[in-house]
Amino acid sequence: MKKTGDPDCMIEATCRPMSADTAPKALADDLERRWREDICQGFYSWEAHALAISDEAVTLDFVAVHDGDRRYITGKIVIDLRPRPGKKAKRGPA
């Protein structure tokens with residue numbers, strides 16, 4: 001997790017999948033579900049997001065407005081799909 005200093009993308013969180021066998025589409029579906037149900041539910045009065053899937057990453061770009069005081073946050077969550085150095089590339093079907 002890092003602050004970027006960019007108002008269009010204030011924070012960026014990067015992670016890796018627990019299993020290299022998980023298909024990118026399944027990762028994207030899970031990320032979007034968790035974004036809606038676990039992160040936004042009851043905390044933000046308005047949000048918009050976009051998902052992108054490539055061979056190298058699953059990315060969720062977002063903007064959200066806080067309920068009480070109208071503060072907002074922008075950012076992205078990136079699931080890095082690139083093989084780790086020294087690891088054999090292994091990925092499920094898209």
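# Exercises on the sheet, core and salt bridges

Strands E3 and E4 form a hairpin in which three residues lie between them. Helices (H or I, at least four residues) and strands (E, at least two) are DSSP runs numbered from the N terminus, and two strands pair if DSSP finds at least two bridges between them. The model is predicted, with local features requiring pLDDT of at least 70 and side-chain atom pairs pLDDT 80 or more, while totals for chains, interfaces and linings use all residues. Residues are numbered from 1 along each chain as its sequence is written, and side-chain values use heavy atoms, with hydrogens and water left out.

## Exercise 1. The sheet

Determine in which order the five strands stand in the sheet, and which of them are the edge strands.

Solution.

- Step 1. The order is E1-E2-E5-E4-E3, in an open sheet with mixed pairing.
- Step 2. The edges are strand E1 (2-6) and E3, each of which pairs on one side only.
- Step 3. From one strand to the next, the twist averages 20°. Axes here are lines fitted to C-alpha atoms, for helices over the stretch in contact, and angles run from 0 to 180 degrees between N-to-C directions.

Strands of a sheet pair through backbone hydrogen bonds, either parallel or antiparallel.

## Exercise 2. The pairings and their turns

State how many bridges join E4 to strand E3 and how many join E4 to strand E5, and trace the hairpins.

Solution.

- Step 1. Strand E3 (residues 44-53) is antiparallel to E4 and is joined to it by nine bridges. Within this pair, His66 of E4 stands opposite Tyr44.
- Step 2. Strand E5 (residues 72-80) is likewise antiparallel to E4, with nine bridges between them. Here Phe62 has Gly75 of E5 as its bridge partner, and Asp61 stands opposite Lys76 in E5.
- Step 3. Five residues lie between E4 and E5 in their hairpin, and Arg70 in that turn has a positive phi of about 65°.
- Step 4. E1 and strand E2 (residues 9-15) pair in the antiparallel sense over three bridges. Their hairpin runs through two residues, and Asp6 is the bridge partner of Cys9 in E2.

## Exercise 3. The nonpolar core

Identify which element supplies the largest share of the largest nonpolar core, and describe the surroundings of Leu60.

Solution.

- Step 1. A nonpolar core is a set of buried Ala, Val, Leu, Ile, Met, Phe, Trp, Tyr and Cys residues joined through side-chain atoms within 4.5 Å. Buried means under 20% relative accessible area, exposed over 50%, and partly exposed in between (1.4 Å probe, protein chains only).
- Step 2. The largest core contains 13 residues, and those with the most contacts inside it are Leu31, Trp35, Val58, Leu60, Phe62, Ile77 and Ile79. Helix H1 (24-40), E4 and E5 each contribute at least two residues to this core. H1 provides the largest share, five residues.
- Step 3. Strand E4 (residues 57-66) is mostly covered, with eight of its 10 residues buried.
- Step 4. A contact means heavy atoms within 4.5 Å. Leaving aside residues up to four places away in sequence, Leu60 touches Leu31, Glu32, Trp35, His49, Ala50, Leu51, Gly75, Lys76 and Ile77.
- Step 5. H1 lies across E3, E4 and E5, at about 170° to E3.

In soluble globular proteins, nonpolar side chains tend to be buried together.

## Exercise 4. The salt bridges

Give the number of salt bridges, and examine how Lys25 and Asp29 are placed in helix H1.

Solution.

- Step 1. A salt bridge is a side-chain nitrogen of Lys or Arg within 4 Å of a carboxyl oxygen of Asp or Glu. By this rule there are eight.
- Step 2. Lys25 and Asp29 meet through their side chains at 2.8 Å, N to O, in a salt bridge. Because they are four residues apart in helix H1, about one helical turn separates them. Lys25 is partly exposed at 42% relative accessibility, and Asp29 is partly exposed at 38%.
- Step 3. A salt bridge joins Glu32 and Arg36 at 3.5 Å, N to O. These two residues of H1 are four residues apart, about one turn of the helix. Arg36 counts as partly exposed, at 46%.
- Step 4. Asp69 and Arg71 form a salt bridge whose closest N and O atoms are 2.7 Å apart. Arg71 is exposed at 56%, whereas Asp69 is partly exposed at 39%.
- Step 5. A network of salt bridges links Asp30, Arg33, Arg34 and Glu37.
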